[in-house]
Amino acid sequence: MSTAPEPEQRDPEPALVFDDPLDQQSSDDTDRGWGERPAGDSAADLKRFLDEKPPHHI
């Protein structure tokens with residue numbers, strides 16, 4: 001019987017990250033996505049509107 005070779009052992013990723021989160025830029029800190037309309041068609045926009053419409057707007 002031949003045994004399969006063992007996969008190479010790598011250093012495991014740390015389970016906890018103790019970096020200061022305020023040192024990193026978040027997606028809210030950029031101009032990306034503010035006021036921009038995603039490329040798409042109006043039929044998809046209407047479908048999304050109808051799918052996400054609150055019940056009191058029926």
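**Exercise 1. Describe the surface and fold of the chain.**

State how much accessible surface the chain has and what share belongs to carbon and sulfur atoms.

Solution. The accessible surface of the chain is about 6800 Å², and carbon and sulfur atoms account for 53% of this area. The model is a predicted one. Next, take burial: a residue counts as buried under 20% relative accessible area. Of the 58 residues in the chain, 0% meet that condition. Last, the secondary structure: the chain has one helix and zero strands. Helix 1 covers residues 42–52.

**Exercise 2. Find the salt bridges.**

Determine how many salt bridges there are, and identify the partner of lysine 47 and that of arginine 48.

Solution. Start from the principle: side chains of opposite charge can pair when their charged atoms come close. The cut-off is 4 Å between a side-chain nitrogen of Lys or Arg and a carboxyl oxygen of Asp or Glu.

Step 1. For lysine 47, the partner is aspartate 51, with 2.8 Å between the closest N and O atoms.

Step 2. For arginine 48, the partner is glutamate 52, at 3.2 Å from N to O.

Step 3. The count by this rule is two salt bridges.

**Exercise 3. Place the two pairs on the helix and on the surface.**

For each pair, give the spacing along helix 1 and decide whether the residues are buried or exposed.

Solution. Lysine 47 and aspartate 51 are four residues apart in helix 1, so about one helical turn separates them. Glutamate 52 and arginine 48 also lie four residues apart in helix 1, again about one turn.

For accessibility, exposed means over 50% relative accessible area. Lysine 47 has 53% and is therefore exposed. Aspartate 51, at 54%, is exposed as well. In the other pair, glutamate 52 is exposed at 53%, and arginine 48 is exposed at 54%.

**Exercise 4. Locate a nonpolar patch.**

Which residues form a nonpolar patch on the surface, and what is their accessible area together?

Solution. The patch consists of Leu46, Phe49 and Leu50. Together these three residues have about 310 Å² of accessible area. One of them, leucine 46, is found in helix 1, the helix that also holds lysine 47 and aspartate 51.

Conventions: Residues are numbered from 1 along each chain as its sequence is written. This is a predicted model: local features need pLDDT of at least 70, side-chain atom pairs count only at pLDDT 80 or more; totals for chains, interfaces and linings use all residues. Side-chain values use heavy atoms; hydrogens and water are left out. Patches are made of residues with over 30% relative accessible area and no salt bridge: like charges are joined within 9 Å, nonpolar side chains (Val, Leu, Ile, Met, Phe, Trp, Tyr) within 5 Å. Accessible areas come from the Shrake-Rupley method with a 1.4 Å probe; for residues, only the protein chains shown count as cover. Buried means under 20% relative accessible area, exposed over 50%, partly exposed in between (1.4 Å probe, protein chains only).
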